[in-house]
Each structure stands twice: as structure tokens, then as C-alpha cells.
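Q: I am new to this structure and would like to learn how to read it. Could you show it to me and take me through a few features?

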Amino acid sequence: MWSQTIRRLSTSALTRVRHPKLRRSTHYATLTDKDVSFFERLLSSGRTITNPDECLPFNIDYIKSCQGQSQLVLRPKTVDEVQAILRYCNEHQLAVCPQSGNTGLSGGSVPVFDEIILSLRLLNSIGNFDENSGVLTTDAGCVLEKLDTHVRQYGHIMPIDLGAKGSCLIGGNVATNAGGLRVVRFGSLRSAVLGLEVVLPDGSLLDCLTSIRKDNTGIDLKQPFIGSEGILGIVTRVALACPSLMSGVGLGFFACSSFEQILSTMRLARKICGETLSAIEFLDESTYNLSLKYLQRTNKPIESNKFYILIETMSSTDEQAKATLEKLATTALEKEFVTDGTLAQDLTQYKDIWAIRERVSDALVADGYVFKYDFSLPTSRMYKLVEETEERMKQFSNVGNVTGFGHLGDQNLHLNVTVKDGYSDDIKQALEPWLYEWVAKEHGSVSAEHGLGLHKSKYLELNKGKHSLELMKQMKHMFDPKCILNPYKVLPYKID
Ligand SMILES: Cc1cc2nc3c(=O)[nH]c(=O)nc-3n(C[C@H](O)[C@H](O)[C@H](O)COP(=O)(O)OP(=O)(O)OC[C@H]3O[C@@H](n4cnc5c(N)ncnc54)[C@H](O)[C@@H]3O)c2cc1C
């Protein structure tokens, strides 16, 4: 039955087929009927999924770069259930893949082989919001956008915002230390996490769920779980500091004829907008055109050029947020840094402009198979890499687009290569490890915000020295001695 379901899929291929050198470790037990009966007894109806058609969406990642073969999805509603599941899996040597919104872009959120999928989506009670401290304490399975709507009632916002906000869950955001669109203002998620509750692989509960802002008592045990992509424990509850909602918001969108002009505009924005700056994003021409095509927009908001920069300001007053942007627009035009631009006049225009940036990932998926990269680089070198990649890809007639966009204010480049007729091993060989080595030579990061997952674990060594890597492996062994959590990912280690 399983193989029939697989054959019906046209857009993704099994991970074990695409990565023939990866082998399922015999260290793990194979799921038995007895195991399934245990989970069926533990979870009430509909929360133990074994039907292959129903398991399928949980097995495929967002960009269809990976497809596992899990035959079991578990959907706990309580922390006790999460504990009982892990206790059982640990005792029986069953591998587990934690999954939240499954919007991850590094192949970390779906199984590689037959790992049991632990879906956290039903662990979703919005907890307490403390109006005095601005701290939200909530279950890990809540959708980011729903939490944002919730805290807005109290005059606050969530500390992160990203294009996947309608699907990603806060536990997944913590597990990836998500960055997003407002890192320039609020930092990545780590800086807002005050407390965590974590279920460890043996089923025990680590309670670090403090909601106080200052706490210098010993080693901060929550930190290793932030950004470690589910290899150390399952995040079940989170306490987050939520910034105050600012009623004044301004948004400008400008066209530039070179990347140098983009950088000049960014520097000017930092000078003129100062503390009101909340986002600095850029797109190149191919990214912009793909996004407009995806959004089916025929009217371009501004005259076309080679690059686009989006600048958002936030302040307690609308006047201040808009005044700094207006000054930026006038000065940037006078200095000929930008060739055209527009300032959002109302909420509809604000949303329309943001959609061009936020829907880029969807537009790329619609353009073909996507090789997706997420690098930190010195800002002045960011676009050089896109140009060199474009040159390198000229030998392939099936390449659709080479695009560069990203969080300019955080030196974070998203480089993408789309392929018209699906995954190509030749193109992959031409891109990797060349790209990762290029980034390492520039002392950048091979993963700025998406994490290592399955795709980038072997390149971790380019960024971290041998000693750091060894310590990471020791930490993995300490938290998860039987290695049941999210195997084959993040750290390059041998499972035996
Ligand atoms: C359109 C779009 C835009 C995006 N924009 C951004 C962006 O701007 N910035 C950014 O950083 N990312 C971005 N991403 C990537 C992705 O949304 C983030 O990585 C997000 O934080 C993943 O959350 P999730 O709930 O989907 O987690 P999943 O994808 O389900 O899981 C991600 C990883 O965390 C592990 N995990 C999940 N839940 C838990 C848990 N409770 N405990 C322990 N481990 C767990 C999984 O095993 C996996 O390794 C974008 C993705 C899309 C599709």
C-alpha cells in the first residue's frame, strides 16, 4: 500500500533514493504492531495515524526536497502524552522526528527513513499573558500568527515575524532559533526566550519555564535547545518577552540600479531612520519578477530596475514613523541612490508591498525544484556570490532562475537556484560544496537562520572548529545517549 502511494507523487523523491550514501541505521528498531497498539491505547481516536495517505503530508517537507517513509504519526495533546511517547521510544530504541508546522527549509522536519513523526500541532493552548511584564507563556504547538493576534489585544506583538507565520508553530521557531523580518529591531528569537519546558529523550521533564527577565543562577539550561532543531529534546512550553505594539508604522519600497546603491540606501536609512528602523530587506530583479508573477500582479508598484529595497519603520507615533521615511525617500532620490520609490499610504498598500517580499518562497517553489541556500556574509560580498553562481549555472539549460534576496540589515542572503524539470544531481554537484566553501572563505555562516537539518549537517565543520564540534557531539550524547531524536541531521555523527 505504501509503495502505491509513493508512486502517485510526482514532485518529490524519497530521501533514501536522492541520498543513496545515507543508510538507515540498524541501531534502530523497526516499528511493530505491538508498538502501534501501545500508541493507540495512549492517544485517543484519530491521534495515531497509520494510513499511508494520511501520513504522506507529514513525510514531505515544504519545498519538496525530502520525503521520508514514516508509517506512524503521533499527535499528542498533552505534555504527559509527549513524555509517555518518548519514554516508550527510548526504551524500545525507536527513532523519532519532531515536527511542528513543517515549514522548515533544511530538511530537518521530516523523517529521513521510517522515524516516527511526533507532530506537536495539537499541543496548542495559548497560555497566560502577563500585562505587567509583557511575557507570554504558551504551549509550543501554537501557530505564530495566532499568538501575534492574541498578544495584540494587550498592546504587544510577537518578537518575530516571518513569511510562514500562518503555518509555523512557536516550538518550531524556538527549535530553529528563527530570525525573520524584524531581526534588525528585535534580534533573533533566542533574545526573547525567557523560559522553556522540554521533554528529554528518556521522557523526563526539564522545567526551565521561568518568565522572569533576569536570572543569573548557574548554567542557563534552556539555551542548548534553542536552535538545535530537535536533536536534544522536545520543546513543549515557551515563555517569551513580547515587545510593545507601536501604533506608528511606515513602509517604503525603492528601486536601485546596482547593489552598491542598495548598500548606500541602507546606510542612509540607518542614519536617517535611526531607532525607528524595523526591517531592511532586499530583492533582485529575478526574485521581484517571480514574486509579482506568483501574486498575479500586472501593475508594478514602482518603475523596474535591477534591485529593490524595502524599509520599514516603527514608532509610538505614526508621524515619526512616516516622517523619517519621507526624509529618507527625498534624500535617497536627491543623492540618486534610488531611481524610483513608493511609500505605503494605507494598510492595503502596506500589505501589498510586504506580500511581494513575504511570498517569495512560494513563488520560487512554483518556479521549479529549488536549491535553497541561507548564508550570512559580509554585506559588501553578498551579491558577488549570486553573480558567480549565475555564471556557474550558465552551463545548464534547465536552470530556471538564480535569485538573491534576503534580510539585508542582518547580512543574511537567501540564494536560490530553480530548476525547470525537477531535481538535478548534476546541478547539485556544481553548487555544493563550492557554495559552502565560498562562504567559509569569507568567514560567513553556512546557515544564517534556517538551520542545518539534513541538507547542511556535513558542512557544519566548515564553520565550527574540531573542538566545538566535539563538544556538540558530547552534548548530544549527554541528552540523548540512545540517539533517538531526529537522527541523521544537524551534527555529523555516526550512529551505531
Ligand atoms: C514562506 C516561508 C518563509 C520563511 N521565512 C523565514 C524567515 O524569514 N526566517 C526564518 O528563520 N525562517 C524562515 N522560514 C523557515 C521556517 O519557517 C522556520 O525555520 C520556522 O521557525 C520553522 O517552524 P515550524 O513550526 O514549521 O517547524 P518545523 O519545520 O516543523 O521544524 C523545524 C525543526 O525544528 C524541529 N522541531 C519542531 N518542533 C519542535 C519542538 N517542539 N521541539 C523540538 N524540536 C522541534 C524539527 O524536528 C525540525 O528540525 C520560512 C519558511 C517559509 C516556508
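**Reading the model step by step**

A: Happily. This is a predicted model. Let us start with the largest pocket: 47 residues line it, and T103, G104, L105, L162 and C168 are the ones nearest its centre.

Q: Which elements give two or more residues to the lining of the largest pocket?

A: They are β3 (96–99), α7 (170–176), β9 (234–241), α12 (347–358), α13 (360–367) and β15 (399–407). The biggest share comes from α7, which supplies 5 residues.

Q: How much space lies in the largest pocket, and what classes of residue make up its lining?

A: The general idea is that rolling a probe the size of a water molecule over the atoms reveals where empty space remains. Here the largest pocket holds about 960 Å³. Its lining has 25 polar residues, 15 nonpolar ones and 7 charged ones.

Q: How many cavities of 30 Å³ or more are there?

A: The count is 1. A cavity differs from a pocket in that the probe fits inside but cannot get out. The volume of the largest cavity is about 70 Å³. Its lining consists of R24, Y28, A29, T30, L31, L94, A95, D114, E115, I116 and Y488. By class, that lining has 7 nonpolar, 3 charged and 1 polar residue.

Q: How do I read the way two helices pack, for instance α10 and α13?

A: Look at how close their axes come and at what angle they cross. For α10 (residues 285–294) and α13, the axes come within 8 Å and the crossing angle is roughly 85°. Angles of 65 to 115 degrees count as roughly perpendicular, and therefore α10 and α13 are roughly perpendicular to each other.

Q: Which residues meet where α10 contacts α13?

A: On the α10 side they are T287, L290, S291 and Y294, and on the α13 side V360, D362, A363, L364, A366 and D367. Sorted by class, this contact has 6 nonpolar, 2 polar and 2 charged residues.

Q: What should I look for in the backbone?

A: Most peptide bonds are trans, and most residues other than glycine have a negative phi. In this model the bond from E432 to P433 is cis, with omega near 5°. P433 sits in the loop between α15 (425–431) and α16 (434–441). For E336, phi is positive, near 60°, although this residue is not glycine. E336 belongs to the loop that runs between α11 (318–334) and β13 (340–343).

Q: Where does I272 lie, and which residues does I272 touch?

A: I272 is part of helix α9 (residues 259–273). Leaving out residues up to four places away in sequence, I272 touches T324, K327, L328 and T331. For a sense of distance, the C-alpha atoms of I272 and G134 are separated by 29 Å, and these two residues are 138 residues apart along the chain.

Q: What does the UniProt annotation say about residues 66–245?

A: The unreviewed UniProt entry annotates this stretch as "domain: FAD-binding PCMH-type". Over residues 66–245 the chain is 21% strand and 19% helix, with 38 Å between the end C-alpha atoms.

Key:
Residues numbered from 1 in each chain as written. Predicted model: local features only at pLDDT ≥ 70, side-chain atom pairs only at ≥ 80, totals over all residues. Heavy atoms only, no water. 1 Å grid on protein atoms, 1.4 Å probe; cavity = no way out; pocket = protein on both sides within 12 Å on 5 of 7 lines; lining within 4 Å. Points joined across faces, edges and corners; volume = space filled by probe spheres on them. Helix = DSSP H or I, 4+ residues; strand = E, 2+ residues; numbered from the N terminus. Nonpolar A, V, L, I, M, F, W, Y, C, P; charged D, E, K, R; others polar. Axes fitted to C-alpha atoms, helices over the stretch in contact; angles between N-to-C directions. Parallel < 35°, antiparallel > 145°, perpendicular 65-115°, else oblique. Contact = heavy atoms within 4.5 Å. UniProt positions renumbered as here; feature names shortened; annotations may be inferred.
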